[in-house]
Amino acid sequence: MIKSFISRVFGRGAKQAAHPSKPVVYGPDKHHIRKDHISRGARKTCEELQRAGHTAYVVGGAVRDLILGRRPKDFDVATSAHPDDVRSLFRRSRIIGRRFQIVHVMFGAETVEVSTYRAHFTTKDPEADDDEKDRQDVHGRVLSDNVFGTQAEDAVRRDFTVNALFYDPVKEEVWDYQHGVKDLVARKLVMIGDPATRYREDPVRMLRAARLSAKLGLTIDPKTAAPIRELRHLLENVPQARLFEEILKMLLSGNAVACVQRLRDLELHHGLLPLLDDSLEDAATGPFAMAALKATDDRLREDKPVSPAFLLAALLWGRVERRWHELEEKGQPSTPSLHSAMHDALDAQRESLAIPRRFDATMKELWLLQPRFLQRGGTRPFRLLEHPRFRAAYDFFELRAQAGNAPLEIAHWWEKFQDASGEERSRMLQADDGPKKKKRRRRGGKRRPEDGGSPEEVAPGADE
Ligand code: ATP
Ligand code: MG
């Protein structure tokens, strides 16, 4: 339906073929984006910049999303004005970034990212001196691209044609230098320029191809998809933090399941992204990891908050659980085994794709609370209910149960127990067969080896 709508609206616009330096301009009668679809901040920013004699457009993902009839996440502005000029025009603004300066302009709670038109860096440039060649690593990855340029050049340096559209909220025109509209109508994701070169410049574009095609329901153009298999190893050279950020964007895109499918189609998940690879392929916990991705997609669709730590904990659970049981089988007591397994899983993960440490505490808490759902006697269930992380840990347990990774009957018991009256709860309690309270060691007494980790580490799984 959308396809026929946009082809009807845009179909008549392209009187002239797009040329890299000459745009096709779609007037307000040729498309359905109106200025009131643009956030107040982005609109005002463009108006103010234009009033001061500059050109200024909403650019990138927002224009693409509006053409597709989707609500954009945020609105970025591209302008001919230099960062210093932008800064001096807006009282509430600040210049950020060292490598390439952009300006954040604040309007109430909204922050509009304003960037000056930039040129696409290429070493094919005969003028390129040694300094410029230093801007690429040995694989062709661009390390610095700090060159201002024209609007046409700013279109060329973007990744996909559908991401290179400009919208002028004053004249209500769409400016298209790269056939972006045509590709959107055809539902195609097409790389600007030579795809292999563009992946070498920035290997993250391979992941963006997977994410954007999944999110927007676009087919990756065969020429754009073709070099990926051969170049996927280049993702190994991308700084960990950038890689993690992109993976998190995928997981929290609202289309995580579709993204994973695209990654598999492009063979991008194997080896390079062990976080997804191992967790989804593990026979025992793979269905749970997939269920967690799906639950995250569903929550985002319902505008409910989602926690990255929850999802990461779910993706790593397979490894934690396997190691936990291995250690138990070797005769280590259960709780210290779980502690060791958690540390091992996080250490192993850090060797491939480091999850920032800020997520550790929540992930560990979710894991440590899991065995406590099995204890349904005495005062234990009441203490678990009072735990500040109970809700998330219960959701985790319930998802595990739904995916066959924990007893469903126990998940149902907890569902009932939470809402039951005091009397009902007492009736529901089972014989107290949980781990017994540890006897206090006598001062100076010898510690038995099976006691495992430090007392505070043992606490959450045992009877605290
Ligand atoms: P999303 O909807 O997820 O925000 P997006 O396309 O807007 O998708 P951003 O990361 O917000 O993605 O990037 C904004 C714009 O910057 C893109 O539309 C694209 O034009 C350009 N861009 C982003 N990343 C790259 C890249 N790696 N190479 C070239 N251009 C890029
Ligand atoms: Mg964006």
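Here are three short exercises on this predicted model, each with a worked solution.

**Exercise 1. Where does ligand 1 sit, and which residues come nearest to it?**

Let's start with the place: ligand 1 sits in the largest pocket. Next, look at who surrounds it. There are 17 residues around ligand 1, and Arg-64, Asp-202, Arg-205, Arg-211 and Lys-215 come nearest. Now sort that shell by class: 13 residues are charged, 3 are polar and 1 is nonpolar. Finally, find the helices involved. At least two shell residues come from each of α3 (61–67), α9 (204–216) and α12 (240–251). The one that gives the most is α9, with 5 residues.

**Exercise 2. Which atoms of Gly-61, Arg-205 and Arg-211 lie opposite ligand 1, and at what distances?**

Take the residues one by one, using the 3.5 Å cut-off for a polar contact.

- Arg-211 puts a polar side-chain atom 2.6 Å from an oxygen atom of the ligand.
- Arg-205 has a side-chain N or O atom 2.8 Å from a nitrogen atom of ligand 1.
- Gly-61 uses its backbone instead: an N or O atom there lies 3.3 Å from a ligand oxygen.

How much of the ligand does the protein cover? On its own, ligand 1 has 590 Å² of accessible area, and the protein covers 85% of that.

**Exercise 3. How many salt bridges are there, and what parts of the chain does the pair Glu-172 and Arg-34 link?**

First the count: with N and O atoms required to be within 4 Å, the total is 24 salt bridges. Now pick one of them. Glu-172 pairs with Arg-34, and their closest N and O atoms are 3.9 Å apart. Then trace each partner along the chain. Glu-172 is in the loop between β7 (165–168) and β8 (173–176), while Arg-34 is in the loop between β1 (24–26) and α2 (40–51). The two are 138 residues apart, and the pair links distant parts of the chain.

Notes: Residues are numbered from 1 along each chain as its sequence is written. Chains are lettered from A and ligands numbered from 1 in the order in which they are written. This is a predicted model: local features need pLDDT of at least 70, side-chain atom pairs count only at pLDDT 80 or more; totals for chains, interfaces and linings use all residues. Side-chain values use heavy atoms; hydrogens and water are left out. A residue is near a molecule or strand if one of its heavy atoms lies within 4 Å of it. A polar contact is a pair of N or O atoms within 3.5 Å; within protein, one must be able to donate a hydrogen and the other to accept it, and residues adjacent in sequence count only if both atoms are side-chain atoms. Accessible areas come from the Shrake-Rupley method with a 1.4 Å probe; for residues, only the protein chains shown count as cover. On a 1 Å grid over the protein atoms alone, a cavity is a set of points where a 1.4 Å probe fits but cannot get out, and a pocket is an open set with protein on both sides within 12 Å along at least five of seven lines; lining residues have an atom within 4 Å of a point. A molecule sits in a cavity or pocket if more than half of its atoms lie within 2 Å of its grid points. Helices (H or I, at least four residues) and strands (E, at least two) are DSSP runs, numbered from the N terminus. Ala, Val, Leu, Ile, Met, Phe, Trp, Tyr, Cys and Pro count as nonpolar, Asp, Glu, Lys and Arg as charged, and the others, Gly among them, as polar. A salt bridge is a side-chain nitrogen of Lys or Arg within 4 Å of a carboxyl oxygen of Asp or Glu.
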